[in-house]
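Biologist: Could you take me through this model? I would like to hear the reasoning behind each label.

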Amino acid sequence: MVPNSAADVKALGGKEQIMDLHERGWIMYNGADIQKEREPMRFTNRDFPDDPNFDPAAAGYRQLKEPVSMTRAGQIILPCLFVMVLAVQLVAWATGFDFTLAFTLRGMLWWIVAAVVNTLLHEFAHTLAYPGGPFSERVVYSMSMRSKVFCAHYLGDMGRGRTLFALLAPYIIITPICLGLLFLFPACRFWYSLATLNAIASCVDALNFLMVMRHAPRNAVLRNHGPHTYWREGTAPDSLGM
């Protein structure tokens, strides 16, 4: 049955059936009417794209708890930054990399190249963990001219396990590859710069990882909407059981 009105929703006879439709690509309007979800834009210049058809409250979602202030967020991010960057430096030291190479004039140029490459690779690594991969119709790439930040967003439901994996994907995929290549080519400044910048960029992902770990139950289904993350209890089809 394809619901098109409040009467059709009532005929379905229960919230579980309504939420099942939601998981399969149907969404609720005003807690009653349901219509087919439109295919989102693939590219946007907004900082935080959202699905105009998604109403968290009507669909039974709750906002994930976030740090109460930038100060509190910084108190969590800084230890993550220290640990993640230190891990890269220790491995680079073990490969025999000469750190002075990274701070010559030529080394500085490689930092600039690595910053551009990391911006693209970091977000691409996130999309590898999204349901359907980087070319899914639910993946939206945003490049804000105001904030000068490039991001990849998934406008759909993800299980808790997949969400956690997607958040740390850049660090656990890109960093080991860069350090492995640095081991093979210990005089290459680019791989060291890329690994270090990716670790720095991953510290905010680590903050979100900790928020999901602490405040979303194991059976949570999570969804991004604008600058916030929402969750409800249930089982997503893509759940990794974490």
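Modeller: Gladly! Let me start with a rule: the expected span of a helix is 1.5 Å times one less than its number of residues. Keep in mind that this is a predicted model.

Biologist: How do you know that the span of helix 5 agrees with that rule?

Modeller: Helix 5 has 25 residues, so the expected span is 36 Å, and its end C-alpha atoms are 36 Å apart, which agrees.

Biologist: Where does helix 5 bend, and which proline follows?

Modeller: The bend, about 55 degrees, is at leucine 168, and proline 170 follows within four residues.

Biologist: Now to alanine 199, which lies in helix 6. Why is alanine 199 called buried?

Modeller: Buried means under 20% relative accessible area. Alanine 199 has 0% relative accessibility, so it counts as buried.

Biologist: What does alanine 199 touch, leaving out residues up to four places away in sequence?

Modeller: Its contacts are Met84, Val85, Val88 and Tyr171. Valine 83 is 116 residues from alanine 199 in sequence, yet their C-alpha atoms are 9.3 Å apart in space.

Biologist: And the largest pocket: what is its volume?

Modeller: About 1300 Å³. It is lined by 49 residues, and the closest to its centre are Phe48, Val204, Asp205, Asn208 and Pro227.

Biologist: Which helix gives the most to that lining?

Modeller: Helix 6, with seven residues. Other elements that each supply at least two include helix 3, helix 5 and strand 8.

Biologist: What makes up the lining by class?

Modeller: The lining of the largest pocket has 25 nonpolar, 16 polar and eight charged residues.

Technical notes
Residues are numbered from 1 along each chain as its sequence is written. This is a predicted model: local features need pLDDT of at least 70, side-chain atom pairs count only at pLDDT 80 or more; totals for chains, interfaces and linings use all residues. Side-chain values use heavy atoms; hydrogens and water are left out. On a 1 Å grid over the protein atoms alone, a cavity is a set of points where a 1.4 Å probe fits but cannot get out, and a pocket is an open set with protein on both sides within 12 Å along at least five of seven lines; lining residues have an atom within 4 Å of a point. Grid points are joined across faces, edges and corners, and a volume is the space filled by probe spheres set on the points. Ala, Val, Leu, Ile, Met, Phe, Trp, Tyr, Cys and Pro count as nonpolar, Asp, Glu, Lys and Arg as charged, and the others, Gly among them, as polar. The bend at a residue is the angle between axes fitted to the seven residues ending there and the seven starting there. Buried means under 20% relative accessible area, exposed over 50%, partly exposed in between (1.4 Å probe, protein chains only). Contact means heavy atoms within 4.5 Å.
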